[in-house]
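Trainee: I've got the model loaded and a cup of coffee in hand. Can you walk me through it?

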Amino acid sequence: MASHTSFKDRNLIAVIGDEDSITGLLLAGIGHINEQQKKNFLVVDSKTQVSTIEAAFQEFTERKDIAILLISQHIAEKIRPTVDRYQQAFPTLLEIPSKDHPYDPAKDSVLKRVQKLFGE
């Protein structure tokens with residue numbers, strides 16, 4: 001029963017992406033800042049350090065109010081070992097394309113796991 005309670009509290013989508021992706025998703029209404037002034041998004045640009053991306057990934061995957069973590073695939077490539085190690089069901093991790101970087105199914109860790117599960 002305790003685990004069921006934690007699922008119902010997960011009601012946010014977190015995003016790690018480029019400025020255009022984040023802006024679009026914020027305009028769609030996913031933005032949130034909690035009581036501790038923590039945002040549910042990270043804007044990544046060419047100056048963003050890999051350690052900052054990894055720290056945001058860790059924070060978002062450990063938060064109990066996040067149900068889904070969206071990460072731009074080209075940014076996931078920068079922290080691929082961390083992304084590939086992530087095995088939890090919640091928050092669900094989804095790699096998304098961005099305006100300048102199309103989606104490549106061959107790089108998607110979740111899709112690779114599904115294909116492995118089905119023996120493809």
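Mentor: Sure, and keep in mind that this is a predicted model. Let's start with the charged side chains: Glu77, Arg80, Asp84 and Glu95 are linked in a network of salt bridges.

Trainee: How many salt bridges does the structure hold?

Mentor: To count, a side-chain nitrogen of Lys or Arg has to come within 4 Å of a carboxyl oxygen of Asp or Glu. By that rule, the total for the structure is six.

Trainee: Within that network, how far apart are the closest N and O atoms of Arg80 and Glu95?

Mentor: Start with where they sit: Arg80 is in helix α5 and Glu95 in strand β4, so this pair ties together parts that are 15 residues apart in sequence. Their side chains form a salt bridge. The closest N and O atoms are separated by 2.7 Å.

Trainee: Is Arg80 buried or exposed?

Mentor: Buried means a relative accessible area under 20%. Arg80 has 11%, and its partner Glu95 also falls under the cut-off, with 7%. So Arg80 counts as buried.

Trainee: Which residues does Arg80 touch, if I skip those up to four places away in sequence?

Mentor: Look around the start of helix α5, which covers residues 80–85. One contact is Glu95, the salt-bridge partner you just met. The full set is Gln73, Glu95, Lys107 and Ser109.

Trainee: Gln73 is on that list, then. What is its relative accessibility?

Mentor: Gln73 is in helix α4, residues 73–76. Leaving aside neighbours within four places in sequence, Gln73 is in contact with Arg80, Glu95, Ile96, Pro102, Tyr103, Asp104, Lys107 and Asp108. Gln73 counts as buried, and its relative accessibility is 4%.

Trainee: Let's move to another charged spot. Which residue forms a salt bridge with Arg63 at 2.9 Å?

Mentor: Arg63 is buried, at 10% relative accessible area. Its side chain meets that of Glu59 in a salt bridge, but there the N to O distance is 3.8 Å; Glu59 itself is partly exposed, at 27%. The partner at 2.9 Å is Asp65.

Trainee: Now the sheet. Which strands stand at its edges?

Mentor: The sheet is open and has four strands, paired in parallel in the order β2-β1-β3-β4. An edge strand has a single partner, so one of its sides is left without a neighbour in the sheet. That description fits β2 (41–43) and β4 (92–96).

Trainee: And how much does the sheet twist from one strand to the next?

Mentor: Picture stepping across the sheet in the order β2-β1-β3-β4. From one strand to the next, the twist averages 20°.

Trainee: Which residue is the bridge partner of Leu12 in β3?

Mentor: Strand β1 is residues 12–17 and strand β3 is residues 66–72, and they pair in the parallel sense over five bridges. Leu12 has its bridge partner in β3, namely Ile66.

Trainee: What angle does helix α3 make with β1?

Mentor: Helix α3, residues 50–62, packs on the sheet and touches β1, β2, β3 and β4. Compare its direction with that of β1, and the angle is about 170°.

Trainee: One last thing: which residues make the nonpolar surface patch of about 350 Å²?

Mentor: Go to the segment after α6 (109–117), where you'll find Phe118. Phe118 counts as exposed, at 61% relative accessibility. The patch is made by Val114, Leu117 and Phe118.

Conventions
Residues numbered from 1 in each chain as written. Predicted model: local features only at pLDDT ≥ 70, side-chain atom pairs only at ≥ 80, totals over all residues. Heavy atoms only, no water. Patch = residues over 30% accessible without salt bridge, like charges linked within 9 Å, V, L, I, M, F, W, Y side chains within 5 Å. Areas by Shrake-Rupley, 256 points an atom, 1.4 Å probe, with all protein chains shown as cover. Helix = DSSP H or I, 4+ residues; strand = E, 2+ residues; numbered from the N terminus. Buried < 20%, exposed > 50% of the residue type's maximum accessible area, 1.4 Å probe, protein only. Pairing = 2+ DSSP bridges. Axes fitted to C-alpha atoms, helices over the stretch in contact; angles between N-to-C directions. Contact = heavy atoms within 4.5 Å.
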